[in-house]
Amino acid sequence: MIAFLVSAIRLGMTFLLGSTGETITEKAGHLNLGLPGVMCMGAACGCYAEYAYLTDAGMEYSPLQAVVIPILAALLGGAVMGLLFSFFTVTLRANQNVTGLAITTFGVGLSEYIIEEADVIFSKASKHFTAPLIPFAEDLGSFGKLVLGYGIFVYLALAIALITTYVLNKTRVGLHLRAVGENPATADAAGINVSRYRYIATCIGCGVAGLGGLSFIMDYLNGMWEYCVDAIGWLSLALVIFTVWKPNWAILGSLVFGALYVASSYIPGVSFAGKELFKMLPYVVTILVLIVTSMRNRRENQPPQSLGLSYFREDR
Amino acid sequence: MAKPVALECRGVTKTFGRVVANKNCDLEVYRGEILAILGENGSGKTTLMNMVAGIYYPDAGQIFVDGQEVTIASPKDAFAYKIGMIHQHFKLVDVFTACENVALGVEDEGRYRLADVRKKVIEITQRYGFVIDPDKRVADMSVSEKQTVEIIKVLYRGADILILDEPTAVLTPQETEKLFAVLRRMREDNKSVIIITHKLHEVLSLSDRVAVLRKGESVGTIETADATESSLTEMMMGVKVELNIERSEPKDPQERLKVENLCSVNEEGRAILDGVSFTAYSGEILGIAGIAGSGQRELLEAIAGLHHLTEGDIIYQDPKTGKTEDLRDKNPIQIRDLGVRLSFVPEDRLGMGLVGNMDIVDNMMLRSYQKGHGFFLHRREPRDLAVNIVEQLQVATPNVSTPVRQLSGGNVQKVLVGREIAAAPTVLMAAYPVRGLDVNASYTIYNLLNRQKEKGVAVIFVGEDLDVLMELCDRIMVINSGRVTGIVDGRTARKDEIGLLMTKSKEEMQDGENG
C-alpha cells in the first residue's frame, strides 16, 4: 500500500509540474497544446545535459552539480519551446491550436533525436534526484517514507504549485496576468504590456513543464529513458481542466491522476491489455469533470475568457 | 474666460489602410469645462479620442498637454499625462470585482493590497456621489454600474482629463441625469471632461462648448450657449437637413398579432419573459422600450419561433382569410410563410441576418432558397432584387457582388431591412434597426418603416432612443425585466414617464419575489 502511494505521489508530481506550467501559460490566454512536446524537450535537454556533464567530469563528478545542471537545462529547454510558441502566436499572430500541435510533433521528434545522441540510462545520476532530501526520513517508518522520503522533485513541484497560486491570487503581477488572459483589450487599455506578459508567462510556464518532463525520467523512471513522455504531457493538459485552472487544487488532482495511472501495477492479476485500460482512467475522469463543470456552469470554474485568442491592439 | 488649455490636438491624422479616419483634426479643451464632440457615425470622433488615450497612434500631427508637446504611444503614456478614457464598449474583466478592475495596471508604491484599493475606491465614490458595491463582480453588474466602475477606474489613476465615448447610449433617462450630475461635479473640481455623443439635446443641456467633426475633419468649435439643434445638425451634416418623421394616423387598425402571457426561462432558470401580453394592430407601429437585456430580443425571437416558451400563446390573424392561428407550435419556416418577418439587428449585425462573406445577391437568396427545387441555383431573381434594393435605398457599394462584410454598418442595415421588406410581410419586427447608423441612414430606415405601416403592415419596433420612439411609434410598450410595465400612447407620452416605467418596478418586483 505504501509503495503504491509513494509511486502515485512521485508520478503525480510530474503531472503537477506539467499542469502548473500549463496553467501559468493558460492564465495569460495561451492555450499551449504543445505541452507534450515541451515536456519531451525538457526531459531530453535535461538528460542530454546530464550525459554531457557525466562524460566530461568522469568519476570525479559532484552530486550537487549532477542535479542542478540537468534541472537548469530542462528549464531552459522548456523555456525555448515556450519562446518559439510565443513568437508564432504573439509576434506572427498564428493560430494557437495549430502552433501548439506543431510544437508537440516538433518537440517529440527533436527530443528523440537528442536522446539518440546520448546515453539512455542515467540510473547512476538519478539516485541523486531520488535520494531523500531529508536524510533521516527512512528511519521514521511508514510516515517518513510517505511524507518525507522523497527526492528533490516532489518538494520542488509542491513549492512551485503553491508559489504559483500565491502569485496568481495575491500579487499585482498575478492580477495583471489573469487580466491578460481574461480580456487582453482591457489589460492593454489599463497600460499592461500584453505581449510581454504573454511571452514571459509562456516561457516560465513551459520551463516548469520542461522540469516536469525531466522529473518523469529521473524520478519516476529512476533514470531509464522511455518514449512516453508525451503521454504524460497530454495527461497534464487534462489535469489543468480537471482542476479548473487552479494550481493548488492540482496538488490533489495530480495525486488522483498519479494513483489512477499506477493503480494497475498494484492490483494483482491485471492483464497487459487491462493495464492500458487503467491508464485511460484519468481521461475518463477528466471528461466526467468537464461534464459536471459545464452543467453547473459556475463562473469561477471557467477557463480564462480569451484562452486561445490572439490579441492585436489595432484590430477593428 | 481665460481658462488654461488642458489638451490640444493640432493637425492630427490617422488612416486605416485606405480609409482616412481623421484628417488634420484640431481640438482644444480647457481646464474645468465639459466639451462635447459631435459628429455622425464614422466621422472619426472615437478614433481621435483613441489617439489621445493611446489606443491608436497618429500618423501625423501633434498633441499638447498643458502646453507641452507629448508623445502618447500607449495607454500607459496617457495615464502618465492624466488622461483617462471610458470606452463605449467597457474594458472590464468580467470575473474580477470592481476593486480588482480598478487596481488593474496601477503601479502603486509598495505591496499590492486589495484592502488599500478598496479604501480609496470608497473615498472616490463618496466624493463624487457614486453608488457602487466595490466587491461586486463585474459579471453581475448592470450596464450603468459597469460604467461607474469605468469612471472610478480613471479617477483612481488621478485623471484630470476624462473622455467618455457615448456614455448615455445604454442608460435610462434617470441614469443619464445621475451621470450628468457626476460630470458637473467633476467640472467644479477643475477637471476637463470630453463627451462624445450624437444626441443633440444632451450636448445642449450639458456641455460648455461643442466641437464638431465631419468625415474625419474638424468643422469647428462653438460655445454651447450660441448653438441650437438645427445649427449643430447643419455643422454635422454640412447641409441643412430636415429631420422630421412623418407620423400618419393609423388607418383601419385590425388585430394582427395577439400575444398572451408569454413566459420563458434562461439556462439558469431565471425568468426572461414573465407574462408578456399585448396586441399588435395592422397599420400601426408598436414601439418597444426598455433597458438593454430586458427581454426585447427574446420576445421578438419567440414570435419568430426561435425562442422556446414555457407558457403563453401567440395568436396570428391572417388579413386575407381572417382565420386565426397559434404561432407557438410552429417552426420558423411555417411562421415566415404566414408573413411574419423578423429583421433583427443585434449588436453584431452580421450575426443573425446576413452572412458577411457572401455578396448581396447570395444574401438575398438566403431568404428565397426554399422556392427553388432544381439542383442548380437561379440567381437572376435575387440579383434583380439586390439591384433594386441598392438603387432604391441608395446602398453605397461598388456592385451587388461585393461581400456584405465590406460595407459600412448603415449599408449592411439597408440591405437587411430591404430584403425583409421585399418579402411583403404582414408583420415586420425590427430590433435596433438604426443602431450604429448615422443620422441620414437612420431616417431612411424610419421612412421605410413608415411606408410599411401605411401599407397596412403591423410594425413592431424595438428602439433605444426614446426621442425617436416617441416621434415614430403610435404606441410604446415598456418592458422591464421581462414584464410589460405599461403601454403608452406615442403622441402624448412624456419621456420621464417612460423612463420611470423602464426602471420603477424593480424594487417592487424584488419585494414580490421575496414575499
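**Exercise 1. Determine how many residue pairs are in polar contact across the interface of chain B and chain A, and which salt bridge accompanies them.**

Solution. In this predicted model, side-chain atom pairs count only at pLDDT 80 or more and local features need pLDDT of at least 70, whereas totals for chains, interfaces and linings use all residues. Residues are numbered from 1 along each chain as its sequence is written, chains are lettered from A in the order in which they are written, and side-chain values use heavy atoms, with hydrogens and water left out.

Step 1. A polar contact is a pair of N or O atoms within 3.5 Å; within protein, one must be able to donate a hydrogen and the other to accept it, and residues adjacent in sequence count only if both atoms are side-chain atoms. The rule finds five such residue pairs between chain B and chain A, both residues at pLDDT 80 or more.

Step 2. One salt bridge (a side-chain nitrogen of Lys or Arg within 4 Å of a carboxyl oxygen of Asp or Glu) is found across this interface. Its partners are B:E100 and A:R178, at 3.7 Å, N to O.

**Exercise 2. Describe the extent of the interface of chain B and chain A.**

Solution. Step 1. Counting contact as heavy atoms within 4.5 Å, 35 residues of chain B touch 24 residues of chain A.

Step 2. Buried area is the accessible area (1.4 Å probe) that two parts lose on being put together, summed over both. For chain B and chain A the value is about 2500 Å², and carbon and sulfur atoms give 53% of this. Within chain B, the residues losing the most area to chain A are B:K91, B:L104 and B:Y112, together 22% of what that side buries.

**Exercise 3. Characterise the interface of domain 1 and domain 2 of chain B.**

Solution. Step 1. An automatic or database domain assignment supplies the bounds: domain 1 covers 5–237, domain 2 covers 245–341 + 426–432 + 456–515, and domain 3 covers 346–424. The C-alpha centres of domain 1 and domain 2 of chain B are 35 Å apart.

Step 2. Six residues of domain 1 of chain B are in contact with 11 residues of domain 2 of chain B. The two domains bury about 630 Å² between them, 63% of it from carbon and sulfur atoms. B:T172, B:P173 and B:Q174 provide 56% of the area that domain 1 of chain B buries against domain 2 of chain B, more than any other three residues.

Step 3. Between domain 1 and domain 2 of chain B, the rule finds zero salt bridges and one residue pair in polar contact, both at pLDDT 80 or more.
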